[in-house]
Every structure is written in structure tokens, then in C-alpha cells.
Amino acid sequence: MRPITLECICEVLTVLSSPATLEDLTRKCGFTPSRAREVVRQVEEMGLIKLGDKGYVLTSEGRRFI
């Protein structure tokens with residue numbers, strides 16, 4: 001498992017300024033599918049994103065982080 005850097009977290013949160021699926025994150029951030037799952041899982045555990053009806057979205061904490 002590679003470390004998840006602050007830069008990586010910021011990139012994901014920036015992409016999620018509008019709802020996005022895991023596939024969207026994979027494409028927009030240049031991640032492999034397994035890396036995208038790993039990053040999403042970690043950022044979700046941090047309470048910065050959540051899974052909504054249209055994909056992953058920022059939580060209020062995620063918006064404050066950005």
C-alpha cells in the first residue's frame with residue numbers, strides 16, 4: 001500500500017467539487033482502479049467524502065478542508 005499524500009487528498013477533493021463515480025476519479029486523477037478504491041476508502045474514513053445518489057460527494061468537513 002502506497003502512502004496517501006496531502007496532495008493526493010487535495011486532488012480527490014477538488015475533483016469531487018461536483019459528484020463523481022469511482023470511474024470518474026480513476027480517469028480524472030490518473031489512478032489505477034485499485035489505487036482509486038484505496039484513496040477513496042481512506043478519504044471516506046477521514047469523513048471528507050461520502051457516497052451519495054450520484055456518486056461520491058464532499059461532506060461539510062471536505063468542503064472546509066478545500
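In which helix is Thr26 found? Thr26 sits in helix α2, the stretch that runs over residues 22–29. This is a predicted model, so everything below is read off computed coordinates. With a relative accessible area of 16%, Thr26 falls under the 20% mark and therefore counts as buried. Setting aside residues up to four places away in sequence, Thr26 touches Phe31, Thr32, Pro33 and Ala36.

Helix α2 also hosts a salt bridge, one of 3 that the structure holds. Here Arg27 pairs up with Asp24, and the closest N and O atoms are 3.2 Å apart. Both partners lie in α2, 3 residues apart, which comes to about one turn of the helix. Arg27 itself has a relative accessibility of 56%, so this residue counts as exposed, the cut-off being over 50%. Thr26, right before it in the numbering, is buried.

Next comes helix α3, which spans residues 33–45. A salt bridge turns up in this helix too, with the side chains of Glu38 and Arg35 meeting at 2.8 Å, N to O. Because Glu38 and Arg35 are 3 residues apart in α3, about one helical turn separates them. Are these two residues buried or exposed? Both Glu38 and Arg35 are buried.

Val40 is another resident of α3. At 4% relative accessibility, Val40 is under the 20% limit and so counts as buried. Leaving out neighbours within four places in sequence, the contacts of Val40 are Leu22, Leu25, Ile49 and Tyr56. Val40 can also be placed relative to Leu13: the two are 27 residues apart along the chain, and their C-alpha atoms are separated by 9.9 Å.

Leu13 leads on to helix α1, as it is one of the residues through which α1 contacts α3. How do the axes of α1 and α3 cross? The two axes come within 11 Å of each other and cross at roughly 90°. That angle lies between 65 and 115 degrees, so α1 and α3 are roughly perpendicular to each other. On the α1 side, the contact is made by Cys8, Ile9, Val12 and Leu13. On the α3 side, the residues are Arg35, Val39 and Val43. Arg35 thus has two roles in this picture, as it takes part in the contact with α1 and in the salt bridge with Glu38.

Helix α1 covers residues 6–15, and Leu6 is found in it. With a relative accessible area of 57%, Leu6 is over the 50% mark and is therefore exposed. Leu6 also belongs to a nonpolar surface patch of about 310 Å², made together with Phe65 and Ile66. Phe65 brings in helix α4, which takes in residues 60–65.

Just ahead of α4 is Thr59, placed in the loop between β2 (55–58) and α4. Thr59 is buried, as its relative accessible area of 15% is under 20%. Apart from neighbours within four places in sequence, Thr59 is in contact with Gly47, Leu48, Ile49 and Lys50. Ile49 appears among the contacts of Val40 as well. How far apart in space are Thr59 and Leu16? These two are 43 residues apart in sequence, yet 10.0 Å apart in space, C-alpha to C-alpha.

Within α4 itself, Glu61 is worth a look. Its relative accessible area is 40%, which makes Glu61 partly exposed, as the value falls between 20% and 50%. Not counting residues up to four places away in sequence, Glu61 touches Gly47 and Leu48, and both of these are in contact with Thr59 too. For Glu61 and Leu51, the separation is 10 residues in sequence and 14 Å in space, C-alpha to C-alpha.

Glu61 also takes part in a salt bridge, where its side chain meets that of Arg64 at 2.0 Å, N to O. As with the pair in α2, the partners are 3 residues apart, about one turn of the helix, with both lying in α4. Arg64 has a relative accessible area of 60% and is thus exposed, whereas Glu61 is partly exposed.

Definitions and conventions. Residues are numbered from 1 along each chain as its sequence is written. This is a predicted model: local features need pLDDT of at least 70, side-chain atom pairs count only at pLDDT 80 or more; totals for chains, interfaces and linings use all residues. Side-chain values use heavy atoms; hydrogens and water are left out. Patches are made of residues with over 30% relative accessible area and no salt bridge: like charges are joined within 9 Å, nonpolar side chains (Val, Leu, Ile, Met, Phe, Trp, Tyr) within 5 Å. Accessible areas come from the Shrake-Rupley method with a 1.4 Å probe; for residues, only the protein chains shown count as cover. A salt bridge is a side-chain nitrogen of Lys or Arg within 4 Å of a carboxyl oxygen of Asp or Glu. Helices (H or I, at least four residues) and strands (E, at least two) are DSSP runs, numbered from the N terminus. Buried means under 20% relative accessible area, exposed over 50%, partly exposed in between (1.4 Å probe, protein chains only). Axes are lines fitted to C-alpha atoms, for helices over the stretch in contact, and angles run from 0 to 180 degrees between N-to-C directions. Angles under 35 degrees count as roughly parallel, over 145 as roughly antiparallel, 65 to 115 as roughly perpendicular and the rest as oblique. Contact means heavy atoms within 4.5 Å.
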